[in-house]
Amino acid sequence: MKQIALYGKGGIGKSTTAANLSAALAGEGFDILQIGCDPKHDSTRMLMHGTWIPTVLDLIRERGDENITVDDVVYRGFRGVRCVEAGGPEPGVGCAGRGIIATFQLLERLDALKGDVIVYDVLGDVVCGGFAMPMREGYAQEIYLVTSGELMSIYAANNIAKAIACLSRRARSRCTLGGVICNAKNIEGEQDLVAEFARRINSRLIAYIPRSREVQIAELHRQTVVEYAPESDQAAVYEELGRAIYANQETSIPTPLEMDELESFAFESVQV
Amino acid sequence: MNSNPSPLNPSRFEGCTLTGALSVLTEVRDAICIIHGPAGCAHHNFSLLHATLLSNDRFEVPRLLSTHLTENDIIFGGEDALETTIVRALSLSPAPASIFVLSTCIVETIGDDTEAVCAKHRGVPVIPVPTAGFLGGVFETGIRNALSSVASLARPRAEPTLSANLVGEKNLEYGADENAAEIARLLGRLGIGINLRFVRGISTRDLERLGSAALNILREPALQPIGEDLRRRFGTPYIPSFPAGLSGTCRFLEEVGQICGIDASAAVEEERAYQKAMLEGFADMAGSRVCFQTAHPMLGADPEAETVCTECAHALNLTVAPDGVPVPFPYPAPVGTAGLRRMLHRWRLLIRR
């Protein structure tokens, strides 16, 4: 079983990437579990054809965690991809990080964490220990950073690389960086820029996903591109991403950039 | 985590902010204290307070409620649990005249807005008291936070009467009432009464008159921030500590007289004579050899204790020498002349043994 996690700046396209990746891997005949770890609970929505599935934390809130079965939290979407949404508290109250921990504990107890590949789709930044949960021992061993060529997005990716470097120092930790995925915003020289960033943090660009209108149109139809336009170039890109990740043996402990290194990197890369 | 197991490690006895605050607030006898946190925070404090009340021959049960937070409340926020518990407190019989809401480490971590829940109008005052220990507080911080919060129940400012407040009595110490009685006796020499014991054995309504004393007498100098706070709010001057020692007690009378505009010289003379008579009761100890020692390695030295002991030894013609009978420094320093008498009784037992 391969467990991977996607991290990156909020709004960068992690959920779109994750859902298409899961759909593509399912097309190869694999049993896929995708877990959305974000209180916004919209990670698996396109796999579920626009349906909002009940979140684990909603169920815990309503019933307590004693009376929940696997069938209450795991829903089958496109190509049989099994979908889970952690959910979270109302924005602005409580502790969403603790919610992620509670979700993982419940999924463990229900013995739900199985399949050929588990894809964890985690919210924008590793704001606290709870959101680093997927990186802990026994969960994702490979982290993929999703970023565009925009500097704010690279800053966020660098910050997450810090979390990976920090957690990988723990005893028995198996958390490593699998690679960097460039989800393009159509910036000039974007692919080279992200590839260079990946190299500098001791990793590599594993896929370049060009910006495509197809994605938006598919999402308007509440589907992944892989389902809506299976013959499209964009679908082929996600299929290639799936193959690259599934076959990936080259992982690394990242060496995140210091702030001044990041700033000089920004100056080198952007034509002022 | 502090893993230093030494008995000298101060973190072992600095205690919890919440406990300090509860030692004050449970002495507002018609109030209910709500501990906003997991059940354990209430349990330990309840046991301690109940045991202390029993050992002081008081058979009431401290009125504590816990909001009893569980993991779900931590994830989704504990404000609803607090609201429910306040409503429950109001429905209890006898109805509380005031409610104190004490925060704990966990609710401050998840960011519950305790003050906002308390601000709702409910007919009785609901006072939030910040008591999360991880914010840097210890037992004493809790006492100060509680005194400061509870002071908000006083009437704004009143014409002072010739009376004094006792501020921050140590409610968990055995001699609390004896010490208060000693202050009352000393003030009596100057014709000054006690306005309010702030806070011990009082009701919510009693708190209204906090601002009408001519003088605040703090239990110990650590309470000076509260003394300053009360001076700002009500214009009441303060004396930073209960008196200790023979001359310290006389100085206390002079200081009180000065602040209240009373000539204390007669009172001081009377007290000196009283002390002399008291010392004569211990004349049989004259000539004995004693050696003062720290009461316990875990207790820091009370700086006044040494002065107080040396002064008494001198007055009784004792010899202080390394080969003398070991006599522990009192902790805390004895209050007034009556405190000295109790201390000397213990000395006599040690010397005769």
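**Exercise 1. Read the strand order of the open four-stranded sheet in chain B, and find its edges.**

Solution.
- Step 1: In this predicted model, the four strands of the open sheet in chain B are ordered β6-β5-β7-β8, and their pairing is parallel.
- Step 2: The edge positions go to β6 (193-198) and β8 (238-239) of chain B. Each has a single partner strand, so one side of each lacks a neighbour in the sheet.
- Step 3: Now take one pair. Strand β5 (residues 161-167) of chain B runs parallel to β6(B), and five bridges join them.
- Step 4: For a register point, B:Ala164 has B:Ile194 in β6(B) as its bridge partner.
- Step 5: Add the helix. Helix α10 (residues 246-260) of chain B packs on this sheet and touches β5, β7 (213-218) and β8 of chain B. Its direction makes about 150 degrees with that of β7(B).

**Exercise 2. Describe the side of chain A that touches chain B.**

Solution.
- Step 1: Count the contact. Ten residues of chain A meet eight residues of chain B.
- Step 2: Locate the contributors. α2 (56-63) and α4 (96-109) of chain A each supply at least two residues of this side.
- Step 3: Classify. The side of chain A has six nonpolar, two polar and two charged residues.

**Exercise 3. Determine how α2(A) and α4(A) pack.**

Solution.
- Step 1: Their angle is about 85 degrees, and the axes lie 10 Å apart.
- Step 2: The range 65 to 115 degrees counts as roughly perpendicular. So α2(A) is roughly perpendicular to α4(A).
- Step 3: Name the residues. α2(A) brings A:Val56, A:Leu57 and A:Ile60 to the contact. α4(A) brings A:Gly99, A:Ala102, A:Thr103 and A:Leu106.
- Step 4: By class, five residues of this contact are nonpolar, two are polar and none is charged.

**Exercise 4. Characterise the contact between domain 1 and domain 2 of chain B.**

Solution.
- Step 1: Set the bounds. The domain assignment of chain B gives domain 1 (10-153), domain 2 (161-277) and domain 3 (281-352).
- Step 2: The C-alpha centres of domains 1 and 2 of chain B are 28 Å apart.
- Step 3: Domain 1 of chain B puts 18 residues into the contact, and domain 2 of chain B puts in 22.
- Step 4: On the domain 1 side, the elements giving two or more residues are α1 (17-25) and α7 (139-150) of chain B. α7(B) gives the most, six residues.
- Step 5: The domain 1 side splits into nine nonpolar, four polar and five charged residues.

**Exercise 5. Which elements of chain A have the lowest and the highest mean pLDDT?**

Solution.
- Step 1: Start with the chain. Chain A has a mean pLDDT of 93, and 99% of its residues reach 70 or more.
- Step 2: Helix α10 (residues 259-269) of chain A is lowest, at 87. Strand β4 (residues 82-85) of chain A is highest, at 98.

Methods
Residues are numbered from 1 along each chain as its sequence is written. Chains are lettered from A and ligands numbered from 1 in the order in which they are written. This is a predicted model: local features need pLDDT of at least 70, side-chain atom pairs count only at pLDDT 80 or more; totals for chains, interfaces and linings use all residues. Two strands pair if DSSP finds at least two bridges between them. Two residues are in contact if their C-beta atoms, placed from the backbone, lie within 7 Å. Axes are lines fitted to C-alpha atoms, for helices over the stretch in contact, and angles run from 0 to 180 degrees between N-to-C directions. pLDDT is the predictor's confidence in each residue, from 0 to 100. Ala, Val, Leu, Ile, Met, Phe, Trp, Tyr, Cys and Pro count as nonpolar, Asp, Glu, Lys and Arg as charged, and the others, Gly among them, as polar. Angles under 35 degrees count as roughly parallel, over 145 as roughly antiparallel, 65 to 115 as roughly perpendicular and the rest as oblique. Domain bounds come from an automatic or database domain assignment.
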